[in-house]
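The following account leads through a protein chain by way of its strands, its sheets and the helices that pack on them. Please keep the sequence and the model in view while reading.

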Amino acid sequence: MSEAGAERPSPPRWDEQERLSALERYGILDTPREPDFDDIVQLAADTFGAPIAAVNLIASGRQWFKAEIGLGARELPLDVSICAHAIVQSGTMVVPDTRLDARFVDNPLVTAAGGLRFYAGALLKTPEGLPLGTVCVLDREPRPAGISDLQRRTLEVLARLVMTQLEMRRVIALQDAHARQLEAEMRERKHAEAARRSSDDRYRALFNSIDTGFCIIEVAFGADGTASDYQFIETNSAFMQQTGLADVEGKWMRQLAPGHEQYWFDTYGEVARSGTPIRFKKPAKALDDRWFDVHAFRIGDPGDRLVAVLFNDITARRRGELRRDALLKMGDQLRSLTTIQDMTGIASEIVGRALGAVRAGFGRVAPGEESVIIENDWSAAGYASLAGWHSLSDHPSFETANATKQPVVVADVAAAPPDNLSSQAKDDPGIGSLAVIPIENHDGSTALFFVHVAEPRDWSDDDLAFLRNVGDRLAAGVGRLDAEALQHTLNLELSHRMKNTLAMVMAIARQTLRSIPDQAPVEAFNARLQALSTAHMALLQQHWTAAKINEVVKGVVGAVEGLDRFTISGPAVSLGARATLSSSLLLHELATNALKYGALSAPTGRVTISWKVADEQLIIEWRETGGPAITPPTHKGFGSRLIQLGLIGTGGVELRYLTSGFEADFSAPLSQVQERNAGENR
């Protein structure tokens with residue numbers, strides 16, 4: 001740039017990020033002072049007779065001085081930097097008087113007392129031409145004449161000398177780094193050599209220290225591309241503990257376990273072929289029906305067909321999950337069953353499948369009896385059912401469990417003495433193990449829950465606790481059905497006695513009141529007793545807890561007049577005992593009044609009875625049509641007062657006496673209508 005300082009520079013021909021990266025590569029920023037650079041700034045100051053000189057580097061957001069005289073600082077903000085303007089010039093920048101240059105007239109370094117008035121700076125350029133900063137001299141007095149050609153060349157030589165120093169530092173740093181790298185590589189080669197000598201021992205120690213089973217297998221494929229077998233290349237110590245297989249290296253799986261499922265070969269074959277790892281849980285029937293959690297992945301080149309397999313035996317955990325799921329499933333199903341045969345059959349099947357059994361069942365022994373009755377059992381295909389009556393003496397396992405009230409467990413039927421197990425199991429070649437769990441009922445009887453398994457089995461404490469839990473639940477369910485059956489019998493007896501009692505009351509009423517000239521009140525009394533009898537029958541069908549409103553309505557009004565003269569509709573709603581009795585008397589009074597005075601007194605008259613639930617209220621609507629005009633009664637007797645009491649005796653009644661016929665609406669809170677008895681909230 002010429003010494004006419006107000007001229008604006010053209011945009012730089014380099015990228016700022018590229019310039020900053022180049023500066024970073026020299027590793028000079030924030031390094032301590034060095035004599036070589038201090039000598040350069042001293043020479044510059046002496047040459048120019050200037051009080052201030054610096055080796056200045058323009059970094060991101062700041063200017064940093066590698067060496068300086070007269071400044072007393074190592075860095076300044078970039079927004080007050082004069083050198084930041086110098087690096088965008090193509091050559092040395094000279095500002096004879098900063099107060100006459102529009103770029104610096106407001107600069108705090110210029111406007112301050114004793115501020116900078118003169119500047120000359122030569123560029124520090126990389127071999128690629130990227131400006132990093134300047135070697136500059138400054139004065140607090142202006143120099144209108146600028147600088148001489150000799151001074152310019154001297155300043156530029158000093159700038160090249162700085163870059164030579166920077167390049168030497170960079171080369172030396174690279175050489176040191178290369179030397180360190182070579183030294184590190186030598187050490188690494190020595191360590192690698194030592195590591196290779198001991199790697200096999202360390203690998204084997206690690207390989208055998210983990211509890212997880214591990215093996216490396218090579219998969220063999222048939223001509224059709226299907227995985228046909230796999231050979232064990234290497235195994236760890238835990239392999240045998242997890243699988244029960246010993247001395248397998250070099251052997252093929254088909255040889256070790258001929259019945260091993262094809263699934264395993266297909267899975268490992270796909271891993272070897274595709275290289276896609278897989279994680280799965282699966283049982284291996286040929287390995288004592290063990291469950292495994294497996295992670296398989298390919299190793300080596302695809303053509304090697306090598307697969308590494310990490311696995312854990314999760315049989316105990318899986319059986320625990322099956323037992324838990326069986327209990328949940330059985331609990332859900334037992335609640336909805338209504339027969340002992342269904343209950344024992346379904347529970348036996350759930351347990352049998354959960355334990356991998358071939359037969360399971362539930363039998364009951366009466367106190368003092370020498371026989372067991374098996375209501376229903378479950379058996380796998382090819383195994384006969386034991387349902388029916390059996391003598392305990394024919395089944396020593398049942399007899400022992402019943403006598404001792406202790407579980408009878410036979411892990412291996414073939415090896416057990418005959419007096420310890422069922423003769424049925426002993427004679428059945430398909431039974432390898434059995435368990436019988438006794439359950440004592442509250443009535444003194446004993447229930448027996450039994451399970452037969454095809455293979456010998458070590459019955460765990462968890463297995464026996466599961467069977468005991470199942471037996472208790474099943475015994476409770478059977479007891480519930482027995483109690484319900486007994487309650488039903490008692491209800492029938494109660495119904496019979498109630499009907500006899502009401503019939504006796506009506507007979508006594510007729511006999512006692514037959515001399516009364518006006519028999520209408522007597523007949524009304526008898527009709528009301530009949531309505532009560534109908535309500536009692538409806539409640540009896542629901543064990544005296546609730547009655548269906550549809551049955552109550554039809555039962556009551558049908559006793560007064562044929563149902564063909566009624567239109568009855570509404571949703572399914574259960575009425576509590578209190579609402580059933582009061583509603584029956586209410587409907588009886590309405591039907592009797594309709595027969596005497598209302599729609600049913602005319603041949604073409606009809607009554608519509610409907611109900612609905614709205615806003616947690618039960619609303620019953622009574623509509624009469626086709627009868628005579630109705631007027632409100634002038635005298636309110638017992639029947640009128642009964643109607644005013646409403647559905648549950650608490651009101652909620654609206655009556656309309658219209659020329660078209662009598663209408664009535666009855667409402668009550670649904671929660672109160674469905675109360676099980678009249679005294680629940682009292």
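His-295 stands opposite Leu-310 in strand 11. This pair belongs to the ladder between strand 10 (residues 290–299) and strand 11 (residues 306–313), which run antiparallel and are joined by 8 bridges. Two strands are said to pair if DSSP finds at least two bridges between them. Helices (H or I, at least four residues) and strands (E, at least two) are DSSP runs, numbered from the N terminus.

The model is a predicted one, in which local features need pLDDT of at least 70, side-chain atom pairs count only at pLDDT 80 or more, and totals for chains, interfaces and linings use all residues. Residues are numbered from 1 along each chain as its sequence is written, and side-chain values use heavy atoms, with hydrogens and water left out.

Strands 10 and 11 are part of an open sheet of 5 strands in the order 8-7-11-10-9, with antiparallel pairing. Its edges are strand 8 (227–235) and strand 9 (278–284); each has a single partner strand, so one side of each is left without a neighbour in the sheet. On average, and with direction ignored, neighbouring strands of this sheet are turned by 35° against each other. Angles here run from 0 to 180 degrees between N-to-C directions, and axes are lines fitted to C-alpha atoms, for helices over the stretch in contact.

Helix 9 lies across strand 9, strand 10 and strand 11, running at about 125° to strand 10. Helix 9 (residues 315–334) also packs against helix 10 (residues 340–354), at an angle of about 165° and with the axes 9 Å apart. That angle makes helix 9 roughly antiparallel to helix 10, a description that applies over 145 degrees, whereas angles under 35 degrees count as roughly parallel, 65 to 115 as roughly perpendicular and the rest as oblique. The contact (heavy atoms within 4.5 Å) involves Leu-322, Ala-326, Lys-329, Met-330, Gln-333 and Leu-334 of helix 9, together with Met-343, Ile-346, Ala-347, Ile-350 and Ala-354 of helix 10. These contact residues divide into 9 nonpolar, 1 polar and 1 charged. In this division Ala, Val, Leu, Ile, Met, Phe, Trp, Tyr, Cys and Pro count as nonpolar, Asp, Glu, Lys and Arg as charged, and the others, Gly among them, as polar.

Helix 10 in turn lies across strand 12 (359–365), strand 13 (371–379) and strand 17, at about 55° to strand 13. These strands belong to an open sheet of 6 strands, ordered 14-13-12-17-16-15 and paired in the antiparallel sense. Strand 14 (388–391) and strand 15 (408–410) form the edges, each with a single partner strand, so one side of each is left without a neighbour in the sheet. Neighbouring strands are turned by 25° against each other on average, direction ignored. Within this sheet, strand 16 (residues 433–440) and strand 17 (residues 446–453) pair over 8 bridges, and Leu-434 has His-452 as its bridge partner in strand 17.

Further along the chain, helix 15 (residues 549–560) and helix 16 (residues 577–596) pack at an angle of about 35°, with their axes 9 Å apart. Helix 15 contributes Val-552, Val-553, Val-556, Val-557 and Val-560 to the contact, and helix 16 contributes Thr-580, Ser-584, Leu-587, His-588, Ala-591, Thr-592 and Leu-595. The contact comprises 8 nonpolar residues, 4 polar and no charged.

Strand 19 (residues 566–569) pairs with strand 21 (residues 606–614) in the parallel sense over 4 bridges, with Thr-608 as the bridge partner of Thr-567. Strand 21 also pairs with strand 22 (residues 617–625), in the antiparallel sense and over 9 bridges; here Lys-612 stands opposite Ile-619. Strands 21 and 22 form a hairpin with 2 residues between them, and Asp-615 in the turn has a positive phi of about 55°.

Confidence remains to be considered. The mean pLDDT (the predictor's confidence in each residue, from 0 to 100) of the chain is 83, and 83% of its residues reach 70 or more. Among the elements, helix 14 (residues 520–540) has the lowest mean, 58, and strand 4 (residues 93–95) the highest, 96.
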